[in-house]
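Let's take a friendly walk through a protein model. Have a look at the sequence and the 3D view, and then we will go through a few places together.

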Amino acid sequence: MLAEIKGLNEECGIFGVFGHQDAAQLTYYGLHSLQHRGQEGTGIVVSDGKTLKGAKGEGLVAEIFTEEAMSQLTGSAAIGHVRYATAGGGGYENVQPLLFHSQNGSLALAHNGNLVNANYLKHQLEAQGSIFQTSSDTEVLAHLIRRSGFLQMKEQVKNALSMLKGAYAYLIMTETELMVALDPHGLRPLSLGCLGDAYVVASETCAFDVIGAEYIRDIMPGELLIINENGLMSERFAMSSTKAICMMEYVYFSRPDSNIQGVNVHTARKKLGKRLAIEAPIDADVVTGVPDSSISAAIGYAEATGIPYEMGLIKNKYVGRTFIQPSQSLREQGVKMKLSPVRGVVEGKRVIMVDDSIVRGTTSRRIVTMLKDAGATEVHVVISSPPIKNPCFYGIDTSSKEELIASDKSVEEIRQLIGADSLTFLSEAGLVKALDPEGINGFCLGCFNGNYPTEIYPDTLQYYYQKG
């Protein structure tokens, strides 16, 4: 589904490299492969072993990092970030990595996720004299590190991380080290790889493929990995809690060529489609998926049912970034600009339209209308996830609860609103069974069932349930 249209957006992606002479260039390519995780801002900070230097801006990776900009970024270590603004909002000052200089040395931070106790910690820190330069929750960690009473950087970071609640995958870079940290529940994906003698870290393994790096392993929940000239050192800053990686990484966010917890995303989505075929058998002529993230599930559904898969919808990849327009009318016009029905495929046909999720319902309604206007006699909508009834507090913008159509409407009411001949959501049990039949992995299903793996602070609840 089109994230920029429907209001479902990942906060960001992170990439880091240590021990390579072309660290900045590798980071550029890594960020480019993670561009789908954030299009509002991007930055790179490099280390030459003595100093940290960065460049950042609002826009896409290719727009910000021109040849001239890249020529200034020299060093053997680098961290980078692509951003979609959720907590803290947009603005140049919030573009990461955040870079801090002090008499005790420099520090750069890149963060994927969202801290549910950020405001609580900010109030405490400000009462102690801290002055925040950004509205990003990422900056909280820098203040906690610098205010730690420990002498060693490693202990400062571990102590600071232990105070955080929520979802976080952090890259922390000093002049001589790269530190990698993942929250105790492992809510966000983060992987380690190598390129020759250099180490690389990324939100998704597709970033390793583009630079020719080899995947080593996933970062463990509650782990602090320290990379320096002596190699790798793994520490624990927290005992691993119940593992709860975000299910939407499989359903929607990650690229199909990425692997999460050893599972290929494309393969996972095909399994969801096959499970849908069991739960929602429909007599129809053709199966089509909403580009791009729903195509894999549509293929799985078609394979399981024997109904032909066809490209009933085409995505126009050359339309400008209309998602920056906030009004509903422009958002709906954006659907027409970005998607086109293939009349020769759907005309006179009973169509099964596979999609990954429904948030507001406006996009689904527009697509169903387009397919019927193109001659489809029936449009049956099947969704490869359960209804999204609750906001996400961990770095995914699922809008306010009031804007989530499933929060107060039944499946039948949603079907009527989008104009489909039938509507079926994958069950929660079917979702888990399709991706983890042996029950060895844990998932966060909070946006579906309201059961969150961490405590949610009152001010965070108030923001998400009343915004909009």
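## How sure is the model?

pLDDT is the predictor's confidence in each residue, on a scale from 0 to 100. You need it here because this is a predicted model. The protein chain has a mean pLDDT of 90, and 90% of its residues reach 70 or more.

Two stretches score low. Residues 1-7 stay under 50 in pLDDT, and the model gives them 40 contacts beyond four places in sequence. Residues 320-326 also stay under 50, with twelve such contacts. Where pLDDT is low, the predicted coordinates should not be read in detail.

## Two nonpolar cores

The largest nonpolar core has 49 residues, and those touching the most other members are Met247, Met248, Tyr301, Ile352 and Tyr394. Several elements each supply at least two residues of this core, including helix 9 (248-253), helix 10 (265-279), helix 11 (295-305) and strand 21 (350-355). Strand 15 (245-246) and helix 16 (428-435) are also among them.

Another core lies apart from that one. It has 26 residues, among them Leu34, Met70, Val200 and Ala202.

## A closer look at Leu99

Now find Leu99, which sits in strand 6 (residues 98-102). Is Leu99 buried, partly exposed or exposed? Its relative accessible area is 30%, so Leu99 counts as partly exposed.

Which residues does Leu99 contact, leaving aside neighbours within four places in sequence? They are Val45, Leu52, Lys53, Gly54, Leu107 and Ala108. Leu99 and Ile44 are 55 residues apart in sequence, and their C-alpha atoms are 9.9 Å apart in space.

Terms used. Residues numbered from 1 in each chain as written. Predicted model: local features only at pLDDT ≥ 70, side-chain atom pairs only at ≥ 80, totals over all residues. Heavy atoms only, no water. Core = buried A, V, L, I, M, F, W, Y, C linked by side-chain atoms within 4.5 Å. Buried < 20%, exposed > 50% of the residue type's maximum accessible area, 1.4 Å probe, protein only. Helix = DSSP H or I, 4+ residues; strand = E, 2+ residues; numbered from the N terminus. Contact = heavy atoms within 4.5 Å.
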